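Colleague: Could you take a close look at one part of this model for me? I'd like to hear about the inside of it, in plain words.

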Amino acid sequence: MIAVLIATFMTSVETTIITTALPTIVSHLNGLSFQSWVFATYLLTTALSTPIYGKLSDRWGRKPVFMTGLLIFSIGSLLCGLANNIILLILFRGLQGIGAGAIMPITFTIIADLFDYERRSTMLALNNTAWGISALLGPLLGGYIVETLSWHWFFFINVPLGLLVFLIVFFKYNEKSHRVEKHKIDYKGILFLSSFLLILLITLQNLGNFKINLFLITCLILLIVILGILFYKTEKNASDPIIPLELFRNEVFSIQISTALLLSAIQIGFQTYFPMWLQAIYKSSASLAGLAVTPSPIFWLISSFFVGTLVKKWPPKKMSLPLILLMSIFYLPLTIISSSFPQLIFYIISAITGITLGIIITINTLVSQRVVTDSNLGTASAMLTLGRTLGQTIATGILGLTFNLTLNSGIQSHGKINSSMINNYIGGIQTTTDIKHYESILRQTVLSGMHNVFIVVMLIFTIALIINIMDKNNSIIH
């Protein structure tokens, strides 16, 4: 469990610490035009490799696959720290992501292997604590490293942690023996799934751009449909498919994955747009605006400790439905509030988000592992991790598209403002003559964009509620 907690901290702090590091890294490597790919490449390779590692862990065992992922992640971190230009950094971030694709889902699988269902929720909550600490310490640690060392140490810090976890797992983790299956590896399934996810994520990245190439997006969507059909037909006929489609015939399993995907989409919406809202509309400093999301990880890790008691008393839908409904009620004002509304609402919503997700996402993990056979435990854990990654990625594209379309509409209707002025206004550069002169127009344009973003978020809430209402299971999962 010590190794699992360190591994969770190591991979999760990587995503929070890089936020603080990125401006410094981009400045040193002269890579402003490529900065989004420092995030996107890591996300792409993590999403591509997650289901593959999940399947391999079911066939070959957790230990060898987990150790392989740790080595790849540690080597990728070392190379990122040594990178001397932005292209090499992006490539090595991809290598890091390939390693992270093994670490994140297999930590959940190892917990499921080590502890029975009754104790598993407590251990998952403990694992959430490592994630919560990383969410809180990441920005602080990032600021300290920038001021006292150099950006290279953002990556070097992972190497000793990775080696420590590797040694603990190598010498101390004795898992049940796994019989290596004789089935042929589903290479075609791996190829079609990887291609499908790659094109999907690239499409969503392009949807978030300020200017959208409609011809490119149309071609990419067509390619996604073709690859999806090919993947489905391949998996249907494979003797040992990379993703067993029969898993999704289990309604309870499908609902847990879908709920995790949708709530993760809402999570990335509030994490992205709350700080931007406070910085642009309320003139908060970047550090103060960032504090708006801080209550979420704190309340997430606290609430997750109550899941063990809750799952013994109620079926999943009777916990998920009221919590999702409560959360949606608190988000509803964000579709209409003016710039004079008290800032306190953002901190309250952040806390409610943490409470809700801490309980429901932990339930999703517990139940999705419980309703599959032991032979598919690794695959099930990987599907939940992939669902959360895809939910965040899809939301990034859709919400970014919504926001940018609203801003473009504002530019066209007023004619006196442009995208450069809006970017400066959002970024807090509000001292130029143009911005001061058109400040009310800029504020209203950005505020309309925020309202529309959270109207889309309310639609996601509606889908999540409908899916859980449709859940026919009214019994407690034992």
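How much space lies in the largest cavity?

Modeller: Keep in mind that this is a predicted model. The largest cavity holds about 50 Å³ of space, and the count of cavities of 30 Å³ or more comes to one. Its lining is made up of Ile52, Lys55, Leu56, Arg59, Ile185, Asp186, Ile190, Asp240 and Ile242. Helix H2, residues 35-60, gives the most to that lining, with four residues. By character, the lining divides into five nonpolar and four charged residues, with no polar ones.

While we're on the inside, have a look at the rings too. There are 14 aromatic pairs in the model. Take Trp277 and Phe346: they meet edge-to-face, 5.2 Å centre to centre with 65° between the planes. That pair links distant parts of the chain, as Trp277 belongs to helix H10 (residues 251-281) and Phe346 to helix H15 (residues 344-370), 69 residues apart. Trp277 is buried at 0% relative accessible area, and Phe346 also counts as buried, at 0%. Then there's Tyr331 with Phe454, a tilted pair at 6.2 Å centre to centre and 40° between the planes. Tyr331 lies in helix H14 (residues 316-331) and Phe454 in helix H19 (residues 439-469), so this pair ties together parts 123 residues apart in sequence. Both Tyr331 and Phe454 are buried. Ring pairs join these four residues with Phe270, Phe274, Tyr282 and Phe461 in a cluster.

Note on methods:
Residues numbered from 1 in each chain as written. Predicted model: local features only at pLDDT ≥ 70, side-chain atom pairs only at ≥ 80, totals over all residues. Heavy atoms only, no water. 1 Å grid on protein atoms, 1.4 Å probe; cavity = no way out; pocket = protein on both sides within 12 Å on 5 of 7 lines; lining within 4 Å. Points joined across faces, edges and corners; volume = space filled by probe spheres on them. Helix = DSSP H or I, 4+ residues; strand = E, 2+ residues; numbered from the N terminus. Nonpolar A, V, L, I, M, F, W, Y, C, P; charged D, E, K, R; others polar. Phe/Tyr/Trp six-rings, centres within 6.5 Å; stacked < 30°, edge-to-face > 60°. Buried < 20%, exposed > 50% of the residue type's maximum accessible area, 1.4 Å probe, protein only.
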